[in-house]
Amino acid sequence: MIYNFSAGPAVLPMSVLNKAQQAVVDWEGTGTSIMSISHRSPEFITMAEQMKANLRDLMAIPDDYEIFFLHGGASWQSAMIPANFVGEGQVANYVQTGYWSQKSIKESELLYPTHVIASGVEAALNTNWPMDDNAAYCHFTPNETIDGVEFYDFPKTDVPLIADMSSTILSRPFDISQLDMVYAGAQKNIGPSGMTIAIVKHAFLEKSSHRDLPSMMHYHTHRDAKDAMANTPPTFAWYVASEVFKWLKAEGGVREMAKRNQAKSQMLYDAIDGSDFYANTIPEQCRSWMNVPFQLADPSQDERFIAEAKAAGLINIKGHRSVGGMRVSLYNAMPIEGVEALVGFMSDFEF
Ligand SMILES: *Cc1c(COP(=O)(O)O)cnc(C)c1O
């Protein structure tokens with residue numbers, strides 16, 4: 001048995017993969033591969049509508065939010081957001097809690113005045129951020145995939161809030177009506193890379209300025225497109241995501257995922273905290289359920305740890321190159337048995 005703890009592209013449910021294997025050859029009796037069917041065919045459009053309805057249901061997204069399935073990953077949203085939403089005389093506000101929020105800040109800085117209003121773990125622990133009066137929006141990252149910092153305490157404010165939820169979307173319930181926009185690359189908790197989800201409140205969408213933008217960069221282009229497809233979408237990625245949403249519903253939805261994710265991460269944090277050999281230095285209140293970084297007391301053992309874990313079927317646990325150490329990702333499709341195996345291995349390695 002192999003357990004894949006990759007941070008992304010990440011593990012997918014085995015039942016979805018098995019079904020996709022068949023769909024690659026003959027999708028549900030159409031006689032054609034899911035990759036070779038027209039995105040304008042009735043079958044594909046029905047699938048896409050079902051996918052959107054299931055996501056709306058899973059995340060309890062109210063009717064006054066548009067759901068977009070776009071290209072280009074979360075990184076492309078980092079550029080589209082300032083391009084669309086920073087108006088004349090306005091400034092973009094950002095909260096910097098780690099690697100990915102910093103990347104979004106850099107993109108915004110290329111285009112418009114950008115103000116980092118809070119940073120570090122303190123910003124995750126206290127979300128009473130000092131926003132500018134002329135802020136077009138406040139952007140933050142509720143789960144830092146590399147740093148392992150997660151928070152769901154959203155500020156109460158009139159400034160529109162935008163959350164990069166790439167590595168935490170669908171992992172637990174939250175009240176989306178507190179936010180004006182949520183976006184996520186698919187390859188962490190949803191499906192193949194290449195697909196990006198953006199969920200935007202209609203009233204906020206109206207604020208997208210009408211300055212000249214390349215049409216594919218304008219949210220209105222995607223909103224107004226026939227069948228919500230401004231061009232050919234990554235059809236295979238859409239198909240897999242649609243199957244993951246069905247799987248999520250059958251498994252009990254986001255509430256059930258939250259229970260499992262909390263239990264999985266707690267088991268791992270307990271193992272880390274209960275040992276002098278492993279350490280995670282993130283304050284308990286903002287430790288991530290999805291991505292758990294940890295260090296070995298003796299970093300010279302890192303390579304042997306990774307190699308022996310791999311031999312035991314526990315793969316992709318090496319930390320991001322920017323931080324080193326280990327990082328274990330526990331997305332929805334990671335079963336608790338994977339965490340049990342990892343914790344057992346960690347104990348064997350230590351003693
Ligand atoms: C992975 C990730 C990104 C980058 O996603 P791409 O799809 O590669 O652009 C951005 N933000 C967060 C929080 C991520 O986890």
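Q: How far does a polar side-chain atom of Thr-145 lie from an oxygen atom of the ligand?
A: The distance is 2.4 Å. To read such a value, start from the term: a polar contact is a pair of N or O atoms within 3.5 Å; within protein, one must be able to donate a hydrogen and the other to accept it, and residues adjacent in sequence count only if both atoms are side-chain atoms. Keep in mind that this model is predicted, with local features needing pLDDT of at least 70 and side-chain atom pairs pLDDT 80 or more, while totals for chains, interfaces and linings use all residues. Residues are numbered from 1 along each chain as its sequence is written, and side-chain values use heavy atoms, without hydrogens or water.

Q: Which ligand atom lies 2.6 Å from an N or O atom in the side chain of Ser-75?
A: An oxygen atom of the ligand. The backbone takes part too: a polar backbone atom of Ala-74 is 3.1 Å from a ligand oxygen. As for cover, the ligand has 380 Å² of accessible area on its own, and the protein covers 86% of that. These areas come from the Shrake-Rupley method with a 1.4 Å probe; for residues, only the protein chains shown count as cover.

Q: Which residues surround the ligand?
A: A residue joins the shell if one of its heavy atoms lies within 4 Å of the ligand. Here the shell runs from Gly-73, Ala-74 and Ser-75 through Trp-100, Thr-141, Asn-143 and Thr-145 to Asp-164, Ser-166, Ser-167, Gln-187 and Lys-188.

Q: How do the residues of that shell divide by class?
A: There are two nonpolar, eight polar and two charged residues. In this scheme Ala, Val, Leu, Ile, Met, Phe, Trp, Tyr, Cys and Pro are nonpolar, Asp, Glu, Lys and Arg are charged, and the others, Gly among them, are polar.

Q: Which helix gives the most to the shell?
A: Helix H3, spanning residues 73-85, with three residues. The labels are DSSP runs numbered from the N terminus: helices are H or I with at least four residues, strands are E with at least two.

Q: Is Asn-84, also in H3, buried or exposed?
A: Buried means under 20% relative accessible area, exposed over 50%, and partly exposed in between (1.4 Å probe, protein chains only). Asn-84 has 0%, so it is buried. The C-alpha of Asn-84 is 6.6 Å from that of His-218, although 134 residues separate the two along the chain.

Q: Why does Glu-243 count as buried?
A: Because its relative accessibility is 6%. Glu-243 sits in helix H8 (residues 235-251), and its side chain makes a polar contact of 3.1 Å with the side chain of Lys-19.

Q: Where should I look for backbone geometry, say a cis peptide bond?
A: Most residues other than glycine have a negative phi, and most peptide bonds are trans. In this model the bond from Gly-8 to Pro-9 is cis, with omega near -10°. Pro-9 belongs to the loop between strand E1 (3-4) and helix H1 (14-25).

Q: What is the phi of Ala-60, and what is that of Asn-316?
A: Ala-60 has a positive phi of about 50°, and Asn-316 has a positive phi of about 65°; neither Ala-60 nor Asn-316 is a glycine. Ala-60 is in the loop between helix H2 (42-59) and E2, and its relative accessible area of 57% makes it exposed. Asn-316 lies in the loop between strand E13 (314-315) and strand E14 (326-329) and is partly exposed at 45%.
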